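The following exercises concern the architecture and side-chain environment of one protein chain. Each task is followed by a solution that proceeds step by step.

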Amino acid sequence: MIVDPGLFERNMLAIASRHGSATADRLRAASACPSVGFETAPDGLLVPSLASGGGRSCALHSRFAPGREAERLAAAQSVRGFYVFLGMGAGYGIAAMLAGGLVSRGVVVEYDAPVLRAILERIDLTQVLTDPRLLLMVDPDDRELGTMIFERFVPAITGDLVTVPLRGRIDASPGPFQGA
């Protein structure tokens, strides 16, 4: 698969303009993870996967219908609130939830800059990354995460706190996400 350097730059422009220099710097300094693979699902969407130690790969979304999976995920939500997305993946579920109108504010927490870098080089995430309700945090430490929650989560304004794990991402590397 040919990598479009312009795609990565468009994604990075969206990140730099909305998500702070620490996030942009961490992604620019990272090299794309060679364990990230991509396949095209029958519905035409690109599905990233992470190779595991046993030679298997863990798809971050449905290999057959990631668009429909995202719609089902969004339809399962019924609470307006502050959404914490654990893992970005290709952003299909996040985009569907943003379109559903229940996300008053939110944060995407991704604990592996090289994995996200590989995805940003191949998938256009500008729609998600430019949404003013959302903040992307890459490899945040506990202090950064705590400060962000303190500054952005105001229950009377933002509503309930809702956590949405990207199951394939969590399954591929559960350790870092346990503390989020």
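**Exercise 1. Describe the open sheet of three strands: its order, its pairing and its edges.**

Solution. The model under study is a predicted one.

Step 1. The strands of this open sheet follow the order E1-E2-E3, and their pairing is antiparallel.

Step 2. The edges are strand E1 (36-40) and strand E3 (57-59); each has a single partner strand, so one side of each lacks a neighbour in the sheet.

Step 3. On average, neighbouring strands of this sheet are turned by 35 degrees against each other, direction ignored.

Step 4. The pairing of strand E2 (residues 46-51) with E3 is antiparallel and extends over three bridges. Within E3, serine 57 is the bridge partner of alanine 51.

**Exercise 2. Characterise the surroundings of valine 36 in strand E1.**

Solution.

Step 1. Valine 36 belongs to strand E1. The cut-off for a buried residue is under 20% relative accessible area. Valine 36, with a value of 11%, is therefore buried.

Step 2. When neighbours within four places in sequence are left aside, valine 36 contacts Pro48, Ser49, Leu50, Val115, Ala118 and Ile119.

Step 3. A separation along the chain may be set beside one in space: valine 36 and glycine 81 are 45 residues apart along the chain, and their C-alpha atoms are separated by 32 Å.

**Exercise 3. Establish the strand order of the open sheet formed by four strands, and trace its pairings.**

Solution.

Step 1. The order is E6-E5-E4-E7, with parallel pairing. Strand E6 (134-138) and strand E7 (160-165) occupy the edges; each has a single partner strand, so one side of each is left without a neighbour in the sheet. From one strand to the next, the twist averages 20 degrees.

Step 2. Starting from E6, five bridges connect this strand in parallel with E5. Valine 107 has leucine 135, in E6, as its bridge partner.

Step 3. E5 in turn pairs with E4 in the parallel sense, over six bridges. Here valine 108 in E5 stands opposite phenylalanine 85. The chain passes from E4 through helix H4 (residues 92-100) to E5, a β-α-β crossover that is right-handed.

Step 4. E4 and E7 also run parallel and are joined by six bridges. Phenylalanine 85 stands opposite valine 164 in E7.

Step 5. As to burial, strand E5 (residues 103-110) is mostly covered, since seven of its eight residues are buried.

**Exercise 4. How many aromatic pairs does a search of the whole structure find, and how is each classified?**

Solution.

Step 1. The search yields two aromatic pairs.

Step 2. In one pair, the ring centres of phenylalanine 82 and phenylalanine 153 are 5.5 Å apart and the planes stand at 55 degrees, so the pair is classed as tilted. Planes under 30 degrees apart would count as stacked, and those over 60 as edge-to-face.

Step 3. Phenylalanine 82 is located in strand E4 (residues 81-86), whereas phenylalanine 153 is in the loop between helix H7 (142-152) and helix H8 (155-158); the pair therefore ties together parts that are 71 residues apart in sequence. Phenylalanine 82 is buried, at 0% relative accessibility, while phenylalanine 153 is partly exposed, at 21%.

Step 4. The other pair consists of tyrosine 83 and phenylalanine 85, whose ring centres are 5.9 Å apart with planes at 25 degrees, so this pair is stacked. Tyrosine 83 is buried, with a relative accessible area of 1%, and phenylalanine 85 is buried at 2%.

**Exercise 5. Examine two arginines: is arginine 169 buried or exposed, and over the face of which residue does arginine 117 lie?**

Solution.

Step 1. Arginine 169 is placed in helix H9 (residues 167-172). Its relative accessible area is 1%, so arginine 169 is buried.

Step 2. Apart from neighbours within four places in sequence, the contacts of arginine 169 are Leu50, Leu60, Gly87, Glu110, Tyr111, Asp112, Val115 and Phe177.

Step 3. Arginine 117 lies over the face of phenylalanine 8, at 3.9 Å from the ring centre.

Notes
Residues numbered from 1 in each chain as written. Predicted model: local features only at pLDDT ≥ 70, side-chain atom pairs only at ≥ 80, totals over all residues. Heavy atoms only, no water. Phe/Tyr/Trp six-rings, centres within 6.5 Å; stacked < 30°, edge-to-face > 60°. Helix = DSSP H or I, 4+ residues; strand = E, 2+ residues; numbered from the N terminus. Buried < 20%, exposed > 50% of the residue type's maximum accessible area, 1.4 Å probe, protein only. Lys NZ or Arg CZ within 6 Å of the ring centre and 35° of its normal. Pairing = 2+ DSSP bridges. Axes fitted to C-alpha atoms, helices over the stretch in contact; angles between N-to-C directions. Contact = heavy atoms within 4.5 Å. Right-handed = clockwise from strand over helix to strand, strands pointing away.
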